[in-house]
Amino acid sequence: MDDMKRLTWQLRRDIIEMIHNSRAGHVGGDLSVVDILATLYFQVMNVSPENFTDPDRDRFLLSKGHCADALYCVLGERGFFDKQEAIQTFSHFGSRFIGHPNTDVPGIEINSGSLGHGISVGVGMALALRSNGSPARVYVVAGDGEMAEGSNYEGMMAAGHYKLDNLCVTVDVNGLQISGETKDVMDSADLGAKFRDFGFNVIEVADGNDCCQLKEAYDLAACYKGRPTAVIAHTIKGKGVSFMENQASWHHGVMSEEQYHQAVKEIEEVLA
């Protein structure tokens, strides 16, 4: 097992522990997006605890902010804070690690979780960075269910109009949301075509839970000039836990003790 694969499975183990301790969290989406977050923070972005006040650092926005659990685990592993504090106190009374990203937590750029705003905020950041002559890039991660929000399309239109080649939007396409299959709740159809219509370069990642495929996509995105990039990452909701995979009921779910032990067993068998 290579280092990145081991890292992502260890992060899955952390996510399961965090959600079990808190009795809350969006576990299905956490497990689908964690490979994207790990690839960005450990292989792609120029951002770290040491340079977080540097105006030329890369920016990251988790537009699908209900998956803060996964982001906290990744930031903790990256050294922004003691990971165990996040795992042990997430969603507890008085904890700074609440259910959506907030700027009380080191490494968080904006409060997010009100869906549909990440792309527009990313456009503003990308415009400002370009105006300042900064080499920094802006990375936004949204969910496919979130793409029903109309504000996304205003942001996409502006990004294409201003040719923001320092902006990269990733859509975590796991096909499910809280009330069922995304195509049945609000079908956004061909997201790649929509981004292209707004002037984006589009990269489809067949396996968005594969860090190698993701890294290749982000390397390509950084090479494109004159237009923003959208990475359409096809993932599995609940990836890594058999009874959660492709189940809308695990968009937000609380594990029984038996389910918790089964999830841990399955993940640790991969890590062994």
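A cavity here is a set of grid points where a 1.4 Å probe fits but cannot get out. Keep that in mind as you open the structure, which is a predicted model.

**Stop 1: the enclosed space**

How many cavities of 30 Å³ or more are there? The count comes to one. The volume of the largest cavity is about 60 Å³. To see what surrounds the space, select Y41, F60, L61, L62, L71, P101, G107, I108, E109, I110 and S112, which line the largest cavity. Now colour strand β1, residues 59–62. With three residues, β1 gives the most to this lining. If you colour the lining by class, you'll get eight nonpolar residues, two polar ones and one charged one.

**Stop 2: α2 beside α3**

Hold on to Y41 from the lining, since Y41 also turns up in the contact made by α2 with α3. Select helix α2 (residues 27–44) and helix α3 (residues 68–78). Their axes cross at roughly 30 degrees and come within 9 Å. Angles under 35 degrees count as roughly parallel, so that's the label for α2 and α3. The crossing is right-handed. For the contact itself, show side chains on the α2 side for D30, V33, V34, L37, A38, Y41 and F42. Across from them, on α3, pick A68, D69, A70, L71, V74, L75, E77 and R78. Which classes do you see in this contact? There are 11 nonpolar and four charged residues, with no polar ones. L71 may look familiar: L71 is one of the residues lining the largest cavity.

**Stop 3: α2 beside α9**

Keep α2 on screen and add helix α9, residues 211–223. Here the axes come within 10 Å and cross at roughly 55 degrees. That angle makes α2 oblique to α9. Once again you're looking at a right-handed crossing, with α2 passing α9. Highlight D35, I36, T39, L40, Q43 and V44 on α2, then C211, L214, K215 and Y218 on α9, and you have the contact. By class, its residues split into six nonpolar, two polar and two charged.

**Stop 4: α5 beside α6**

Next, select helix α5 (residues 118–131) and helix α6 (residues 151–161). Their axes are 7 Å apart, and the helices pack at an angle of about 25 degrees. That makes α5 roughly parallel to α6. Is the crossing left-handed or right-handed? Turn the view and check: α5 passes α6 in a left-handed crossing. On α5, pick out I119, S120 and V123; they meet S151, N152, G155, M156, A158 and A159 in α6. This contact holds five nonpolar and four polar residues, and no charged ones.

**Stop 5: two backbone oddities**

Finish with the backbone. Most residues other than glycine have a negative phi. Which way does K163 go, positive or negative? K163 isn't a glycine, yet its phi is positive, at about 55 degrees. You'll find K163 in the loop between α6 and β3 (167–173), so follow the chain on from α6 to get there. Then jump to A189, which also isn't a glycine and has a positive phi of about 55 degrees. Where is A189? Look in the loop between α7 (182–185) and α8 (191–197).

Notes. Residues numbered from 1 in each chain as written. Predicted model: local features only at pLDDT ≥ 70, side-chain atom pairs only at ≥ 80, totals over all residues. Heavy atoms only, no water. Axes fitted to C-alpha atoms, helices over the stretch in contact; angles between N-to-C directions. Helix = DSSP H or I, 4+ residues; strand = E, 2+ residues; numbered from the N terminus. Parallel < 35°, antiparallel > 145°, perpendicular 65-115°, else oblique. Left-handed = near helix turned anticlockwise from the far one by under 90°. Contact = heavy atoms within 4.5 Å. Nonpolar A, V, L, I, M, F, W, Y, C, P; charged D, E, K, R; others polar. 1 Å grid on protein atoms, 1.4 Å probe; cavity = no way out; pocket = protein on both sides within 12 Å on 5 of 7 lines; lining within 4 Å. Points joined across faces, edges and corners; volume = space filled by probe spheres on them.
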